[in-house]
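Hi everyone, thanks for making room for me on the agenda. I'd like to walk you through one chain today, going from the overall picture down to single residues. Have a look at it first.

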Amino acid sequence: MRTLLIGEYSNVNATLAEGLRKLGHDVTVISNGDFWKDYPRDIDVSRHPGKWGGLMLMARLFRLLPRMRGYDVVQLINPMFFELKAQRLFFFFDYLRKHNKRVFLGAFGMDWYWVHTCSHQSPLRYSDFNIGSQVRTDEEALKYQRDWIGTAKGKLNRYIAKRCDGIITGLYEYHVCYQPYFPDKTTFIPYPIRMPETTVEKADPQQIRLFIGINRERSAYKGTDIMLRAAQEIQRRYPRQIKLLIAESVPFAEYQKMMEGSDAILDQLYSYTPSMNALLAMSKGIICIGGGEPENYEIIQEHELRPIINVEPTYESVCEALESFVAHPERIATLKRQSMAYISKHHEYLKVAQQYLDAWNKK
């Protein structure tokens, strides 16, 4: 099967491409590497700053049009699959529809269905846009609401969702925002992770190594500001038992190196489920402190493994989880092993790639 993957979020497409190639398929990834994260791609479509950068990117994409046709499957990482204004992307979507057999939309992150559904219908107890029935009012959440609701971006998202051949959701949260609108088109597939060739390091009961990745632009929105504050407080209380490692807006390769050897990662306060960064950490035997709600286990039909230390979206909940972690170091080795087993069972990249092939071939 010839497949074109357009765009990138947190190494999803680069990892999926690896899996598909291992299974014998022809795959091309076109992306900007997810900005400063600089993930691998076959064709780079990064944009330079300013209006001139937009014109240069438009010219490059027009030159690339012949290389974006003749595929069995095209999958878009997001409705905003190139760094252009939404108005420009209608043309490229229509071109892809016309010149390829099937086009799929990925529901992997920020888009109209995620923003609008969480802001107005609140199917989740908490999310990036609501806590219970209350809409979040931090500047980052408000910015995304202004960006997607009642705008060309929102119109583009709905246009693509209605006309594409299928929608693949990567997290429980995104699934509940799309499935009611498109019950026959929406398929949940876990994110792909390539398992490292590693063994779980023996935990040091004398010192627990906590790791947190900070994206300066989205810290309040993702709750890492609160998680960092809680981790710093627990480190203050237990200076001998806690070592805190912080990676702030670094490229993916450097991020991975900094993560190595950690016992636990704090990630995404407002999530029901572990993100790509947390899943990657878990594959290395690093315990996720973050999103591990019952719905996360239900959607993948996992009834035994419970490797994630779930926290509610509050400073107090994170502090409580971390204090319990310090008080019971004997749990660490078991949770490390369970974390790796969980990723191997549900997210291993060849298994996930096969799920994609099955979903694409059904449509």
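**A walk through the chain**

Let me start with strand β2, residues 26-31: five of its six residues are buried, so β2 is largely enclosed by the rest of the structure. Please keep in mind throughout that this is a predicted model.

Now, what sits beside β2? Strand β1, residues 2-6, runs parallel to β2 and is joined to it by five bridges. If you want to find the register on your screen, L4 has T28 as its bridge partner in β2, and L5 stands opposite V29. β1 is mostly covered too, with four of its five residues buried.

Both strands belong to an open sheet of seven strands with parallel pairing, and the order across it is β3-β2-β1-β4-β5-β8-β9. Which strands stand at the edges? They are β3 (43-44) and β9 (186-188); each has a single partner strand, so one side of each is left without a neighbour in the sheet. Further along that order, β4 (residues 73-76) and β5 (residues 102-107) run parallel and share four bridges. There, V74 stands opposite V103 of β5. As a reminder for anyone who lives mostly in force fields, strands of a sheet pair through backbone hydrogen bonds, either parallel or antiparallel.

There is another sheet to look at. This open sheet has five strands in the order β11-β10-β12-β13-β14, with parallel pairing. At its edges stand β11 (242-248) and β14 (309-310), each with a single partner strand, so one side of each has no neighbour in the sheet. Inside that order, β12 (residues 264-267) pairs with β13 (residues 287-290) in the parallel sense over four bridges. The pair to click on here is A264, whose bridge partner in β13 is I287.

Let's step back to the whole chain. In total there are 15 helices and 14 strands. The radius of gyration is 20 Å, close to the 21 Å that the globule rule gives for 363 residues, so the chain is as compact as a globular protein of that length. If you are setting up a box, the C-alpha atoms fill one of roughly 60 × 45 × 40 Å along the principal axes. How much of the chain is buried? Of the 363 residues, 57% count as buried. The accessible surface comes to about 15,700 Å², and 50% of it belongs to carbon and sulfur atoms.

Two further numbers for this audience. Among contacts between residues at least 6 apart in sequence, 69% join residues at least 24 apart. On the charge side, there are 48 positive and 42 negative side chains, and the centres of the two sets lie 7 Å apart.

Next, a helix. In α4, residues 112-120, eight of the nine residues are buried, so this helix is largely enclosed by the rest of the structure. Among the buried residues are W112, Y113, W114 and H116. What covers the buried residues of α4? The cover includes the strands β6 (130-131) and β7 (134-135), along with the helices α5 (139-148), α6 (152-163), α7 (172-178) and α8 (219-222).

One residue of interest in that neighbourhood is Q145, which lies in helix α5. Is Q145 buried or exposed? With a relative accessible area of 13%, Q145 is buried, because the cut-off for buried is under 20%. Leaving aside neighbours within four places in sequence, Q145 is in contact with V115, S119, F129, V135 and R136. V115 and S119 are among the buried residues of α4. For a sense of scale, Q145 and M259 are 114 residues apart in sequence, and their C-alpha atoms are 33 Å apart in space.

I'll finish at the start of the chain. M1 lies in the segment before β1 and is partly exposed, with a relative accessible area of 24%. From M1 to V27 there are 26 residues in sequence and 8.2 Å in space, C-alpha to C-alpha. Beyond its neighbours within four places in sequence, M1 is in contact with H25, D26, D72, V73, R102, L357, W360 and N361.

That's my tour, so thanks for listening, and I'm happy to go back to any view you'd like.

Definitions and conventions:
Residues numbered from 1 in each chain as written. Predicted model: local features only at pLDDT ≥ 70, side-chain atom pairs only at ≥ 80, totals over all residues. Heavy atoms only, no water. Helix = DSSP H or I, 4+ residues; strand = E, 2+ residues; numbered from the N terminus. Rg over C-alpha atoms; globule rule 2.2 N^0.38 Å. Buried < 20%, exposed > 50% of the residue type's maximum accessible area, 1.4 Å probe, protein only. Contact = heavy atoms within 4.5 Å. Areas by Shrake-Rupley, 256 points an atom, 1.4 Å probe, with all protein chains shown as cover. Lys, Arg positive; Asp, Glu negative; His and termini not counted. Charge placed at Lys NZ, Arg CZ, Asp CG, Glu CD. Pairing = 2+ DSSP bridges.
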